[in-house]
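Reader: I am new to reading protein models. Could you take me on a close look at one part, and show me how its contacts and charged pairs fit in?

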Amino acid sequence: MSVRALVIDDSAYNRVTITRMLESDSRIKVVATAVNGEDGIKQAMKHRPDMITLDLEMPIMDGFAFLRWLMANLPTAVIVVSSRASDRSVFKALELGALDFIAKPGGRVSPRLEEIQRDLVTKVLEVTNVRLDNLRRRAEEVAEAPPLTAPEPQTCVGGIELVAIGCSTGGPPALQQLFQALPLLPVPFVVAQHMPPTFTRLFADRVNRLTAYNVREAVDGEVLEPGNVYVAPGGMQTEVRKNAEGMHVRVFPAGISELYAPSVDRLFRTASDAVGSALVAIILTGMGDDGATAIRDVKSRGGRTIAESSQTAIIFGMPGEAIKTGCIESILPLPEIPNAIHRLCIGPSPA
């Protein structure tokens with residue numbers, strides 16, 4: 001396996017450093033670099049790379065304009081390597097079709113840039129699993145999201161008490177699309193999205209503005225309320241507990257040896273312990289197998305299970321591994337998942 005990469009950044013230091021980091025792995029070859037989006041278009045057309053690392057803040061043509069052109073004309077996997085100054089901007093880039101992002105430590109030009117090497121190389125090597133048609137389609141669907149819908153009844157006749165969702169690469173646009181299409185339901189949602197600290201709060205704030213749901217980053221000890229979405233903080237572990245006062249979340253630092261923080265397996269397992277058959281567990285797009293172990297617990301306790309199908313998943317790793325367990329009840333393309341949740345909680349959607 002060999003990945004051909006294009007590096008786009010207006011800083012010469014960043015271009016050299018990112019190239020060196022990528023080529024530290026013999027499976028990656030940087031075929032060209034570019035100083036802005038306009039130059040990036042020329043290099044992309046000339047070299048047809050397998051993937052592109054992209055800065056967002058550049059003169060002449062910025063990263064957003066480049067992404068719009070790229071997804072319309074030459075769909076290619078893009079990883080945004082963004083400065084902290086543009087934290088909020090990365091979610092707009094994901095909407096436009098970027099696959100994932102990495103934050104530059106220390107700002108736009110920093111000697112600490114090499115701190116991201118391991119994460120960057122891992123994400124670049126993921127591109128061999130990316131479904132580019134799904135990536136382009138997802139960007140179009142998020143851009144054409146339907147208007148917010150009216151609130152639903154205040155009781156859940158289906159007996160569901162909690163919906164837990166796990167995802168990784170490709171997850172932020174998928175989650176935004178899901179909650180924009182989903183009528184306000186009288187159940188709480190807890191989301192474990194693999195994402196660095198700080199970004200989970202910014203992501204929650206964004207989805208809160210764009211949907212009918214009250215979306216926020218989960219806080220330790222917080223009671224789970226219907227119609228609310230709780231996003232597990234990046235770099236932390238989030239669990240669900242139930243006592244006489246109701247359901248609440250526990251949020252605490254991840255262990256050094258834990259691969260995923262937040263962990264979908266941990267969320268699903270504790271949610272299943274808390275509510276048993278009253279749980280809906282959903283696995284969306286993402287690399288790896290997080291969630292596949294605990295989905296067995298959910299199923300054994302009578303919980304309902306859903307996985308995103310390969311028809312829409314940007315990376316089919318997490319849903320694919322969950323499906324292999326034989327414990328997934330429904331395998332659905334993303335646009336059909338909101339109706340499935342609605343049906344489980346309330347009954348069939350109105351025509």
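Author: What follows starts at one helix pair, moves to a loop residue beside it, and then turns to the charged pairs.

Keep in mind that this is a predicted model.

Start with helix α7, residues 171-181, and helix α8, residues 199-210. Their axes come within 10 Å. They cross at roughly 30°. Angles under 35 degrees count as roughly parallel, so α7 and α8 are roughly parallel to each other. The crossing of α7 past α8 is right-handed.

Which residues in α7 and α8 meet? On the α7 side they are P172, L175, Q176, F179 and Q180. On the α8 side they are F203, R206, V207 and L210. Sort the residues of this contact by kind, and you get six nonpolar, two polar and one charged.

Now pick up L175 again. It meets α8, and L175 is also in contact with L284. Where is L284 placed? Look in the loop between β12 (279-283) and α10 (294-300). L284 has a relative accessible area of 0%. Buried means under 20%, so L284 is buried.

Look at what touches L284, leaving aside its neighbours within four places in sequence. The contacts include A174, L175 and L178. I165, G166 and C167 are also among them. So are E308, M318, P319, L334 and I337. Take M318 from that list. M318 and L284 are 34 residues apart along the chain, yet their C-alpha atoms are separated by 7.1 Å.

Another loop residue makes a useful second stop. E222 is found in the loop between β8 (214-217) and β9 (228-231). Is E222 buried or exposed? Its relative accessibility is 17%, so E222 counts as buried. Leaving aside its neighbours within four places in sequence, E222 is in contact with R216, E217, Y230, M247, H248 and V249.

Next come the charged pairs. Side chains of opposite charge can pair when their charged atoms come close. The count here comes to 15 salt bridges. Let us visit a few.

D25 and R27 form one, at 2.8 Å from N to O. D25 is buried, at 14% relative accessibility. R27 is partly exposed, with a relative accessible area of 38%.

K92 and E95 form another, with the closest N and O atoms 4.0 Å apart. Both belong to helix α4, residues 89-95. They are three residues apart there, so about one helical turn separates them. K92 is partly exposed, at 33% relative accessibility. E95 is buried, with a relative accessible area of 11%.

What is the N to O distance in the salt bridge of E161 and K242? The value is 2.9 Å. This pair links distant parts of the chain, 81 residues apart. E161 is in the loop between α6 (132-143) and β6 (162-167). K242 is in strand β10, residues 236-243. E161 is partly exposed, with a relative accessible area of 30%. K242 is partly exposed too, at 44%.

Finish with a group. A network of salt bridges links E239, R241, R250, E258 and R266. Find these five residues on the structure and trace the network for yourself.

Definitions and conventions. Residues are numbered from 1 along each chain as its sequence is written. This is a predicted model: local features need pLDDT of at least 70, side-chain atom pairs count only at pLDDT 80 or more; totals for chains, interfaces and linings use all residues. Side-chain values use heavy atoms; hydrogens and water are left out. A salt bridge is a side-chain nitrogen of Lys or Arg within 4 Å of a carboxyl oxygen of Asp or Glu. Buried means under 20% relative accessible area, exposed over 50%, partly exposed in between (1.4 Å probe, protein chains only). Helices (H or I, at least four residues) and strands (E, at least two) are DSSP runs, numbered from the N terminus. Axes are lines fitted to C-alpha atoms, for helices over the stretch in contact, and angles run from 0 to 180 degrees between N-to-C directions. Angles under 35 degrees count as roughly parallel, over 145 as roughly antiparallel, 65 to 115 as roughly perpendicular and the rest as oblique. A crossing is left-handed if the near helix is turned anticlockwise from the far one by less than a right angle, and right-handed if clockwise. Contact means heavy atoms within 4.5 Å. Ala, Val, Leu, Ile, Met, Phe, Trp, Tyr, Cys and Pro count as nonpolar, Asp, Glu, Lys and Arg as charged, and the others, Gly among them, as polar.
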